[in-house]
Amino acid sequence: MRRMRSLRSVLTAAVTAVASLGLAVVTTAPAQAATPLPDRVFAPYFEAWTGESPAALSAQSGAKHLTMAFLQTATKGSCTAYWNGDVGLPIAPSSFGADIATIQSRGGDVIPSFGGYTADTTGTEIADSCTDVNQIAAVYEKVITTYDLTRLDMDIEVDSLDNSAGITRRNKAIKLVQDRAAANGRQIQISYTLPTTTRGLAASGLAVLKNAVANGARVDVVNLMTFDYYDNAAHDMAADTKTAAQGLYDQLAKLYPTKTPAQLWGMIGITEMIGVDDFGPAETFTLANARTVYDWAVGKGINTLSFWALQRDNGGCPGGAAADHCSGIQQDTWDFSRIFAPFTSGTATPTDDFSVTTTPASATVTAGASTSTTVKTAVTAGTAQTVDLSVSGLPAGVTATFSPASVTAGGSATLTLNTTAATVSGTHAIVVYGSGPSAGHSAVFSLTVTGGATQCTAPPWVSSAIYTGGQQVSHRGHTWKAKWWTTAEEPGTTGEWGVWQDLGPC
């Protein structure tokens with residue numbers, strides 16, 4: 001899977017200092033540091049470059065665990081990792097620390113993922129970039145101790161699959177981290193996310209695991225990317241998931257001959273690409289496929305169920321191609337999350353639960369005007385609890401107020417949405433979220449704005465200009481955001497995994 005890079009390079013002696021500490025610092029970590037992930041876990045990917053809150057989307061979608069994509073160096077040759085290779089997002093509490101702590105307080109957790117398509121094709125995957133095994137191990141340890149985590153993921157594909165030196169360094173570093181953790185009474189899980197054929201790992205992916213065995217690195221989960229086959233064949237994506245996993249099972253049985261069938265299935269993870277994948281409509285993972293895969297995954301006892309990506313779990317672009325922000329198929333927001341969420345073992349129906357609805361569920365206003373809707377809650381199980389109300393997805397120029405901001409389940413509140421003349425015309429999906437002590441639920445309110453801004457506010461794209469990550473331009477009626485440094489690359493022509501992120505019409 002994919003993502004971004006930055007041009008700036010920062011390499012400090014602090015990495016070496018961290019390496020000398022090992023994992024001794026875990027003795028001061030909170031209690032949840034020793035709590036492993038559930039035996040079965042649903043952990044969809046969260047695109048960490050969008051500026052959205054992982055804690056908010058976790059709550060809205062019902063996905064208690066997230067795989068955070070991605071960690072990589074800013075430039076090839078560096079030994080310092082950042083979120084998305086962005087030097088403004090270091091491995092520090094200031095970068096997602098509060099969100100991760102919130103997710104953990106709700107009984108969930110995150111799995112940081114190193115690598116991804118962009119890092120693996122630009123030499124900025126940490127073990128490809130850094131030639132010092134101790135410094136690579138120090139980076140892994142810094143992520144673990146900074147965010148108080150129990151699993152790291154290695155997303156290894158394309159060029160990184162052929163970098164034998166990087167593969168060896170990575171597995172040696174994993175071995176160091178696992179040994180240091182064990183010496184301090186802590187277990188660190190490692191998952192490898194690898195591309196697959198419909199019959200199991202290709203030789204290059206299998207070689208990564210063989211190298212791990214040779215270097216004594218324990219691999220807890222092998223997570224197959226069951227999409228982007230690019231074989232020009234007809235595909236039943238659910239059936240292909242099953243045959244790919246069976247092929248992996250057979251491969252793991254040879255690598256780990258002392259493991260039982262249950263243990264082997266318990267090493268397997270599956271990541272789907274919901275809706276249309278990069279190849280196109282011929283490789284479309286449907287809601288029906290999701291239900292089939294869910295039942296199969298529970299029956300087989302696999303470890304991890306995931307998809308790419310949480311921000312795509314909506315029907316905002318039906319009939320479209322693969323995109324960062326929507327699935328390309330007709331669906332309601334969070335449909336795939338709702339199907340997969342019960343996969344997490346230990347998930348139980350809350351004793352005290354409630355529902356959230358909006359009446360009306362949609363409204364049309366002229367830019368500059370206001371509208372309101374009644375947010376209704378109802379007790380669906382147990383006794384009434386306090387429900388705190390919030391919203392997400394507000395477009396620029398729109399503000400929201402609740403009266404009151406919290407209710408006792410069974411009560412109602414008024415949500416008022418105020419627009420300005422600068423609000424962009426169009427239909428905006430606003431998520432209304434209710435958070436209780438033991439559960440959270442959401443409803444979507446559709447706000448259509450007329451007579452608003454029709455001109456793009458971002459400056460027009462100029463082919464000769466140089467753009468850096470985060471800068472926005474307008475081009476052909478859409479607003480685009482640069483994911484990394486670029487020049488002379490036209491927005492709309494670089495594809496989903498390219499430099500320009502489509503923020504929608506303006």
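## Threonine 423

The backbone oxygen of glycine 397 sits 3.1 Å from a polar side-chain atom of threonine 423. This is a predicted model. Threonine 423 belongs to the loop that links strand 19 (412-418) to strand 20 (426-435).

Is threonine 423 buried or exposed? Its relative accessible area is 0%, so threonine 423 is buried. Setting aside neighbours within four places in sequence, threonine 423 is in contact with Ala367, Ala396, Gly397, Val398, Val449, Gly452 and Ala453. Gly397 is thus named here, and glycine 397 also supplies the backbone oxygen described above.

## Threonine 304

Threonine 304 is placed in strand 12, which covers residues 304-308. Its relative accessibility is 6%, so threonine 304 counts as buried. The cut-off for buried is under 20%.

Which side chain makes a polar contact with the side chain of threonine 304? The partner is arginine 151, at 3.1 Å. Arg151 also appears among the residues in contact with threonine 304, leaving aside neighbours within four places in sequence. The others listed are Val41, Val221, Ile268, Gly269, Ile270 and Phe343.

## Helix 7

Helix 7 runs over residues 164-183 and has 20 residues. At 1.5 Å a residue, helix 7 should span 28 Å. Its end C-alpha atoms are 29 Å apart, so the two values agree. After helix 7 comes glycine 185, with a positive phi near 75°.

Which residues of helix 7 are buried? They are Gly166, Ile167, Arg169, Arg170, Asn171, Ala173, Ile174, Val177, Gln178, Arg180 and Ala181. Arginines are included: Arg169, Arg170 and Arg180.

## Helix 7 against helix 8

Two packed helices are described by the angle between their axes and the distance between those axes. The axes of helix 7 and helix 8 (residues 203-214) come within 9 Å. They cross at roughly 45°. Helix 7 and helix 8 are therefore oblique to each other. The crossing of helix 7 past helix 8 is right-handed.

Where do the helices meet? From helix 7 come Ile167, Thr168 and Asn171. From helix 8 come Val208, Asn211 and Ala212. Ile167 and Asn171 are also among the buried residues of helix 7.

## Cis peptide bonds

Most peptide bonds are trans. A cis bond joins alanine 69 and phenylalanine 70, with omega about -5°. Phenylalanine 70 is in strand 3, residues 65-73.

Another cis peptide bond joins threonine 359 and proline 360, with omega about 0°. Proline 360 lies in the loop between strand 13 (353-359) and strand 14 (362-366).

## Positive phi outside glycine

Most residues other than glycine have a negative phi. Asparagine 232 has a positive phi, near 55°. Asparagine 232 is found in the loop between strand 8 (221-225) and helix 9 (237-255). Its relative accessibility is 67%, so asparagine 232 counts as exposed.

Tryptophan 334 is not a glycine, yet its phi is positive, about 70°. Tryptophan 334 lies in the loop between strand 12 and helix 12 (335-340). Is tryptophan 334 buried or exposed? At 6% relative accessibility, tryptophan 334 counts as buried.

How values were computed. Residues numbered from 1 in each chain as written. Predicted model: local features only at pLDDT ≥ 70, side-chain atom pairs only at ≥ 80, totals over all residues. Heavy atoms only, no water. Helix = DSSP H or I, 4+ residues; strand = E, 2+ residues; numbered from the N terminus. Buried < 20%, exposed > 50% of the residue type's maximum accessible area, 1.4 Å probe, protein only. Polar contact = N/O pair within 3.5 Å; in protein donor to acceptor, adjacent residues only side chain to side chain. Contact = heavy atoms within 4.5 Å. Expected span 1.5 Å × (residues − 1). Axes fitted to C-alpha atoms, helices over the stretch in contact; angles between N-to-C directions. Parallel < 35°, antiparallel > 145°, perpendicular 65-115°, else oblique. Left-handed = near helix turned anticlockwise from the far one by under 90°.
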